[in-house]
Amino acid sequence: MLAAGCSLSARGFETVKFLSGRTFVEWADIRESCAWIHEDDPDGALRKALDILCMGLAALERRVLIAEQLPSGDFRAGEVLVIGGGPAGLACAGALGKMGVRVVLAERRAALGGMLTQLGLVFPHFVPGPELAGELIRDVEHNGVLVLPATTVSDVQPVPGGYSAALRGKNGEERRFFDAVVLAAGAVPVLPRGLYRYGELGGVLSQMELETSLGRVENGQKDALDLPRQAVFLQCVAARDEKNPYCSAVCCPTSLKNAIRLRSLRPEGSVTVVHRNIVTPGKHLEALYRRATAAGVLLRGHNPAAAPECLGTERVEGLRFRDALNGEDTVLPADAVVCSTPLKPLPDTLKLAEALGLRTDSMGFACAREPVQPVSPPLAGIFVCGAARWPAIVEHCLEQGRAAAVKAAAYVRGLGNCSGNSRCLPVAPHALWELMPDSAWRLPAAEVCGEKCSRCGRCAAACPYNACFLPEGTGMRIDARKCARCGSCAAVCPAGAVRLSGETVAVLRARIKEALSR
Amino acid sequence: MPDTKQAILVVGTGVAGMQAALDLANLGLSVHLVEQDSHLGGQALRLDKVYPTDHCAFCPVWTHAFACREHPRITISTGTKFKGLRQGPEGSLALLEKAARRIDGDKCVFCGRCMEICPQKALLGHAPDLPWDPALPPVPWLDGGRCDSCGKCEPACPTGAIDAARQTNTFEIAVSDCIFAGGFQEPRPAPAPAPEFGGHTHPDILTAMAFETLIAEWNAIPGVKLRCQSDGRPAGSLAFIQCAGARDRRFLPHCSAVCCMHAAKQASWLKRRQPDLDIAVFYTDLRAPGKGQEAYMKMAEELGVRFIRRRPGLVAPVDGPSGKGIALRHEADADVATTLADIVVLNGGLACCPCPEGTAEVSAQACGFCSEPADIANSVIQAGNAAALICGGQTGDGALCAAFQEIGGRS
């Protein structure tokens, strides 16, 4: 059947879906790419429309039956691997569990909770970190998530139909098949080694060290008088410089939170935050900023052109910096300088990302597609959330974890509906298919002619979606789940063994010949 | 899991609302998407570009809107206001009010016959403040000032979408849950985020969204320089005032979170188009904590955009011996200085849309700017979060769990 009308992407959807099945359908777009763009030349548009129709007819004559593709992998019921048991991973696994998806949660440490367990209080609501972690862990355990503590994901590979991960735990290594993988491996704070005389002068602390002693005082394990009386928080230590050219987003709120705690534990002391910009965007964090200023925390901008300096001989006695507003060099007396350092991804995360074919930025954080698909990289069945994606406060980690859970659940569900063959017609552009991962919208994958394939492997190297495989003893195989119909494999194949279904060379040639002959 | 027989109501079709609807629908739930405007897309439609990629905003927004329209489990009501929720005998009821629009967007197929037949040319392809014609869904835009109610368009419509006598229609639908994604509003009516910023009394003092329209690619003629709105003279200098009306106890105590990057985007793209333009950004705290944002700020700085850490205390148009333009009074070291700019952009006064009454009584979530100031990426994340919280509302024997088990059995 030759159908002439609007472009497929605008109104033809329903019609094509209706017509799909046993009929060959060739679609001639005579609206958007003809009538609309030649509005000022009706006669010319009419001639062009006729040309388009004739090209369609010529193409239709050459169409041959597309062989049904069989499922290329072992399609097991949806199981999702969540890597990392920090706030993002816990929120993700818990949400997936609630939605009825089978989840395996792998955490490299013996206990779940990640950095959350080390935080005495979590802003903006000042909830104790371990309490929040406990809630999330309960959620995970009550919803049938298989938790594997002290387990590292030593290797993960794309395999036909999904991903195969090697999980190394107490009882040795085990390989498992997963439909989807959520990367929530988190990040670690950089230690201010070699900066501002950290480790050399007493009283120059990292933010985590202060966090720990504040927690001890609040628990009654330590006396408040052990806390610094004149504390200075120095922001952007080892951040926003040449080595780490980014704002880590979590350090300003963390400093403000700890400054407020310090003010309430030692009200007779003073707390100053020396910053480049206080970064507290939004409603809740800006309220934290106000709360800090109301509690008497002093905020001083410094000019990074002149590097601040810790003064003192054995213990720190003060901090010298250049004031951003009046340009004068100022010395603040201090018995503690707290260095606020950024979060950095773990080296293991980089290795995993590489194995998954996931792009990372120059800082090593995993890339999705900003801004519209912030948790879904352009790889079928891979999702990222939490600080592995970008430094994020706990609240945002939870949000990202749940957002990734929704995407992963929809992905697994879409797979469940799809029987794996590709009878559905090439109707939706890839972007749209991703937004609606339902069987009816799936694209047929590229096809391989096994006899022509020489197993050279160029297709597998060119495929940006991890969809080409070279199993032992056969020609190349395409994973229909992951294929995005981009055509990269067909373009690089020297033997002409790959083609996009329906678009054979004969069809293309017929279309061009018809166009040129008129 | 929520009852799949009842729809989940999503109010607002900005990026957050559309994403929430798609996320829920992709999990097999029915969604009723309500928009008070005539088209989907929200404020993102008014953006010409998005940071940090500098890609055009149209494609992603259009794709989302298109997917919502075509999704078999999403029902869309445009021109419909959400009036509130109440607890009925068999669950929650949402009160919706369909506006008395002459053209029913849900029936119109955009064939264009009404536009041809209108003697007053009162029906246009799109609203004048939108750059493209196939608004989402495409519906002719009626210029109420021109229309003389001759009624010729009514019989010309093949689908009966036009009815001059249509009344406001109020109806209720049963909903199991509700996601509110009302987005943000720029301060309206015109006067003032803050009186010291000259309100919107002078055509050369603009809000950031109005300025986006002015400099958008679809409005700019290549090679033609930016001109003042007041008298058409070429603009040589431009000043952005950040936190205008925001982080201000009198108006909006929050930080709008998007404006530092928004200013950097507009400034850098103008600088690329017109390198001789002097651009200053007056800021309180420069906030670029998101992915790729610090590098973006650096890029703007390298293009020659001046970032000045001062908050102007007075903005007023002047026309005298010292020059013509908009004067800004601000601190400079220990003194007070006056800077003259041709165009001033007030940035930051974005108010969260309040959640309507009654939403607190039934299980309701909010996402997008109305819940917490967010850019596109964060709105999408918040939408996914809200969808997950609704799906996880009740654990155990829900319909979706059953659906998953069925899938498991089959494959």
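Setting aside neighbours within four places in sequence, B:Lys324 is in contact with B:Val318 and B:Asp319, where contact means that the C-beta atoms, placed from the backbone, lie within 7 Å. This comes from a predicted model, so to speak on paper only: local features need pLDDT of at least 70, side-chain atom pairs count only at pLDDT 80 or more, and totals for chains, interfaces and linings use all residues. As for labels, residues are numbered from 1 along each chain as its sequence is written, while chains are lettered from A and ligands numbered from 1 in the order in which they are written.

B:Lys324 sits in strand β17 of chain B; strands here are DSSP runs of E with at least two residues, helices are runs of H or I with at least four, and both are numbered from the N terminus. With 16 other C-beta atoms within 10 Å, B:Lys324 comes out as partly exposed. That label covers the range between buried (20 or more other C-beta atoms within 10 Å of the residue's own) and exposed (12 or fewer), again with C-beta atoms placed from the backbone. B:Ala341 is 17 residues away from B:Lys324 in sequence, and the C-alpha to C-alpha distance is 8.6 Å.

Strand β17(B) has partners to describe on either side of the sequence. Strand β16 (residues 314–320) of chain B runs antiparallel to strand β17 (residues 323–332), and 7 bridges join them; pairing requires that DSSP finds at least two bridges between two strands. The two form a hairpin with 2 residues in between, and B:Ala316 stands opposite B:Ala327 of β17(B). Then there is strand β18 (residues 335–341) of chain B, also antiparallel to β17(B) and joined to it by 7 bridges. Here B:Ala327 has B:Leu340 as its bridge partner. Another hairpin results, with 2 residues between β17(B) and β18(B), and B:Asp333 in the turn shows a positive phi of about 50 degrees.

Zooming out, chain B holds 9 helices and 21 strands, and 48% of its 411 residues are buried. Among contacts with a separation of 6 or more in chain B, 71% are between residues 24 or more positions apart.

The domain assignment splits chain B into domain 1 (7–99 + 168–183 + 353–406) and domain 2 (187–347), with bounds taken from an automatic or database assignment. Their C-alpha centres lie 33 Å apart. In chain B, 10 residues of domain 1 are in contact with 17 residues of domain 2.

Note on methods:
Contact = placed C-beta atoms within 7 Å.
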